[in-house]
Number of protein chains: 2
Amino acid sequence: MMKRIEVFKENSFSDKSLKKLLVHDSEHFKIINFNFMAGQELPVHSHDIDGQLSIAVLEGCGEFLGKDNMRLSANPGDVLISDIRDPHGIKAETDMRVLVTIAPPI
Amino acid sequence: MMKRIEVFKENSFSDKSLKKLLVHDSEHFKIINFNFMAGQELPVHSHDIDGQLSIAVLEGCGEFLGKDNMRLSANPGDVLISDIRDPHGIKAETDMRVLVTIAPPI
């Protein structure tokens, strides 16, 4: 099995809300692309299950969000790793594209 | 558990060979950043085990490589998904940074 997804071509931006593209879902991991316009966010949330996720910034700048109002700058090439059960989120300062990988998939 | 890795700052390029940065390794997945100078490659290879990997292009252009000399263009934001047991590789046309995620980790 081999496939290529051209994330920049296949997903767009919306001024109504973040835009989500399911890149891949299998028994091994789930991969989702989120596009944010400046100011949009994925609010801090968590799920009480085992597993971890990564958030890689493909384009644009913003902040990774965590518990207790933690904020870390998020620039192209930055990767956040978090347990799924720990609070995590993203806020975009400019238009921003990120790739989220969740293992095991939820 | 939450951590941020600034891949663009923490890994460099070398004219001797591709440069590898271990971003994360856990029971859930392994994440590695490879930096290629123009012309460098990760030759086609495979491992006879279950699991899948993704290769996301963070910067630069090249080609994803597969079995039977398959080549697919690899541009920023493109994501290749492959079974670990299927032949896969990367060749850089320009200086290129990619993020490889392997689940389960090997």
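**Exercise 1. Aromatic rings and charges**

How many aromatic pairs does the count come to over all chains? Determine also where the charged ends of A:Arg97 and B:Arg97 sit.

*Solution.* The structure is a predicted model.
Step 1. Ring centres must lie within 6.5 Å of each other for a pair. By this rule, two aromatic pairs are counted over all chains.
Step 2. In chain A, the ring of A:Phe8 has the charged end of A:Arg97 over it, 4.4 Å from the ring centre.
Step 3. In chain B, the charged end of B:Arg97 is placed over the ring of B:Phe8, at 4.4 Å from its centre.

**Exercise 2. An open sheet in chain A**

Establish the strand order of the four-stranded open sheet in chain A, and identify the strands at its edges.

*Solution.*
Step 1. The order of the four strands is β4-β9-β6-β7, and their pairing is antiparallel.
Step 2. Each of β4 (41–45) and β7 (71–74) of chain A has a single partner strand, so these two stand at the edges, with one side of each left without a neighbour in the sheet.
Step 3. On average, neighbouring strands of this sheet are turned by 25 degrees against each other, direction ignored.
Step 4. Strand β6 (residues 62–66) of chain A is joined to β7(A) by four bridges, and the two run antiparallel. Within β7(A), A:Ala74 is the bridge partner of A:Gly62.

**Exercise 3. A hairpin in chain A**

Describe how β2(A) and β3(A) are connected and paired.

*Solution.*
Step 1. Four residues lie between β2(A) and β3(A), which form a hairpin.
Step 2. Six bridges link β2 (residues 19–25) with β3 (residues 30–36) of chain A, and the strands run antiparallel.
Step 3. For A:Leu22, the bridge partner in β3(A) is A:Ile32.

**Exercise 4. The cavity**

Which residues line the largest cavity, and how many of them are nonpolar, polar or charged?

*Solution.*
Step 1. One cavity of 30 Å³ or more is found in the whole structure. The volume of the largest cavity is about 60 Å³.
Step 2. From chain A, the lining includes A:Ser54, A:Ala56, A:Leu99 and A:Thr101. From chain B, it includes B:Ile31, B:Ser54, B:Ala56, B:Leu99 and B:Thr101.
Step 3. The elements giving two or more residues to this lining are β5 (52–59) and β10 (96–103) of chain A, together with β5 (52–59) and β10 (96–103) of chain B.
Step 4. By class, five lining residues are nonpolar and four are polar, while none is charged.

How values were computed:
Residues numbered from 1 in each chain as written. Chains lettered and ligands numbered in written order. Predicted model: local features only at pLDDT ≥ 70, side-chain atom pairs only at ≥ 80, totals over all residues. Heavy atoms only, no water. Phe/Tyr/Trp six-rings, centres within 6.5 Å; stacked < 30°, edge-to-face > 60°. Lys NZ or Arg CZ within 6 Å of the ring centre and 35° of its normal. Pairing = 2+ DSSP bridges. Axes fitted to C-alpha atoms, helices over the stretch in contact; angles between N-to-C directions. 1 Å grid on protein atoms, 1.4 Å probe; cavity = no way out; pocket = protein on both sides within 12 Å on 5 of 7 lines; lining within 4 Å. Points joined across faces, edges and corners; volume = space filled by probe spheres on them. Nonpolar A, V, L, I, M, F, W, Y, C, P; charged D, E, K, R; others polar.
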